[in-house]
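Please look over the chain and its ligand before reading on. The report below is meant to be read beside them.

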Amino acid sequence: MLVNDKHLTTIWYEHKSDKVKIIDQRLIPFEVKIVELNTVDEVCFAIKEMQVRGAPLIGVTAAFGMYIASKENTSLDYLKKASDRLNKTRPTAVNLSWALNEVMTKIAGLNQDKISIKILEIANQIRQDDISNCKKIGEYGCEVIKKIYNKTNKPVNILTHCNAGWLATVDWGTALAPVFVANKNNIPVHVWVDETRPRNQGFSLTAWELLNENIKNSLIVDNVGGHLMQHNKIDLCITGTDRTASNGDVCNKIGTYLKALAAFDNNVPFYVSAPISSIDFNIEDGVRDIPIEERNSDEVSHINGIDENNHLKKLKIVPKGATCVNYAFDVTPAKYITKLITEKGIIDANSISIKKLNEKSLE
Ligand code: MRU
């Protein structure tokens with residue numbers, strides 16, 4: 001997608017320098033800084049500290065992390081340890097273990113001198129597939145937006161939570177992909193962007209992406225959505241997911257569940273966009289079994305921003321001695337989800353449809 005009219009992706013391999021490069025998302029929207037990843041330690045740091053974030057992008061980064069590990073040492077023992085370390089960086093997004101598993105399975109039995117080249121090939125393929133899957137999600141999701149537009153003949157108002165745009169993937173995004181495709185097809189859209197405390201991915205990342213693509217949007221604090229739905233100001237909600245269980249329960253950024261409840265109460269369709277790599281076919285009950293990341297309480301007690309001299313500042317906003325708790329995700333039960341938008345089409349959020357999708361993905 002575009003940044004100052006130039007096309008950028010979130011991660012790429014530069015052949016001439018043999019380097020993996022990312023955008024440090026901790027600095028957006030104030031600065032676009034490109035960073036090299038040179039060691040497994042740096043890759044672990046990048047995922048854990050959220051230089052890269054968003055379920056699909058975490059997976060792609062881990063795959064390139066395995067290439068970096070293989071440049072350090074090609075023994076299977078070393079690679080297995082690197083994969084275990086990468087896998088522990090963030091617990092909720094299943095794309096992480098999915099991508100590591102793809103790499104480890106595909107290199108099993110290979111000669112040591114072929115391993116590095118093979119891992120690079122796998123990582124590049126995972127990256128490329130992520131781009132095409134997200135584009136497909138955008139095309140399917142655009143049909144949903146188009147149907148609403150054809151009925152109302154008015155700009156379609158879409159609410160989204162957190163950032164499930166291109167910054168959360170390699171390009172296009174999941175929840176925002178339908179919005180980008182609709183915009184390219186001249187379907188008028190307006191996006192309500194949830195702030196998404198504590199890290200404010202809505203304000204800092206989603207708003208920045210939409211502004212760069214010239215898409216109309218309004219920023220709202222996290223508790224506004226219910227009010228807007230009661231007053232018919234939202235036509236549909238679209239979010240992403242970090243892990244969807246085989247019963248259709250969806251785990252996504254904290255606060256998604258409350259938006260889904262409000263949408264259900266107000267008959268607003270609630271769609272969740274995700275590549276199949278975000279589905280955990282081994283988890284039967286998402287509310288019960290999806291691991292929920294708890295992050296540093298600093299993210300709750302402090303807020304980042306720039307002052308009038310453009311200096312990045314971290315400000316404390318709670319009383320001295322306050323106890324802050326930071327659950328990063330919640331699970332929305334399948335009954336509140338209208339449909340799932342995947343690269344293989346739009347399906348019901350239930351075990352029968354998800355089982356069929358799994359069979360299709362293995363074809
Ligand atoms: O903590 P983050 O910023 O990694 O959380 C991201 C989200 O919750 C996204 O909605 C999710 O990963 C889907 S991304 C396409």
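What follows describes a predicted model, beginning with the ligand and its surroundings and then turning to backbone features in the loops.

## Where the ligand lies

The ligand occupies the largest cavity, and the shell around the ligand draws residues from both domain 1 (2–129) and domain 2 (135–361), so the ligand lies between these two domains. Two secondary-structure elements, helix H2 (55–72) and strand S11 (250–253), each contribute at least two residues to that shell.

## The shell and its polar contacts

In this predicted model, the ligand is surrounded by 18 residues, of which Ala55, Arg90, Gln201, Asn252 and Lys253 are the closest. Sorted by class, the shell consists of seven nonpolar, seven polar and four charged residues.

Three residues can be described by the distance that separates one of their N or O atoms from an oxygen atom of the ligand. For Ala55 the atom concerned belongs to the backbone, and the distance to a ligand oxygen is 2.9 Å. For Asp242 a polar side-chain atom lies 3.0 Å from an oxygen atom of the ligand, while for Lys253 an N or O atom of the side chain is 2.7 Å from a ligand oxygen. Taken on its own, the ligand has 410 Å² of accessible area, and the protein covers 100% of it.

## Cis peptide bonds before proline

Two cis peptide bonds that lead into a proline deserve a look in the displayed model. The bond from Ile28 to Pro29 is cis, with omega near 15 degrees, and Pro29 is found in the loop that runs between strand S4 (19–23) and strand S5 (34–37).

The bond from Arg197 to Pro198 is also cis, here with omega near 10 degrees. Pro198 is placed in the loop between strand S7 (189–194) and helix H7 (201–212).

## A positive phi angle

Asn232 is not a glycine, yet its phi is positive, at about 55 degrees. The location of Asn232 is the loop that lies between helix H8 (225–230) and strand S9 (236–239).

Technical notes. Residues are numbered from 1 along each chain as its sequence is written. This is a predicted model: local features need pLDDT of at least 70, side-chain atom pairs count only at pLDDT 80 or more; totals for chains, interfaces and linings use all residues. Side-chain values use heavy atoms; hydrogens and water are left out. A residue is near a molecule or strand if one of its heavy atoms lies within 4 Å of it. A polar contact is a pair of N or O atoms within 3.5 Å; within protein, one must be able to donate a hydrogen and the other to accept it, and residues adjacent in sequence count only if both atoms are side-chain atoms. Accessible areas come from the Shrake-Rupley method with a 1.4 Å probe; for residues, only the protein chains shown count as cover. On a 1 Å grid over the protein atoms alone, a cavity is a set of points where a 1.4 Å probe fits but cannot get out, and a pocket is an open set with protein on both sides within 12 Å along at least five of seven lines; lining residues have an atom within 4 Å of a point. A molecule sits in a cavity or pocket if more than half of its atoms lie within 2 Å of its grid points. Helices (H or I, at least four residues) and strands (E, at least two) are DSSP runs, numbered from the N terminus. Ala, Val, Leu, Ile, Met, Phe, Trp, Tyr, Cys and Pro count as nonpolar, Asp, Glu, Lys and Arg as charged, and the others, Gly among them, as polar. Domain bounds come from an automatic or database domain assignment.
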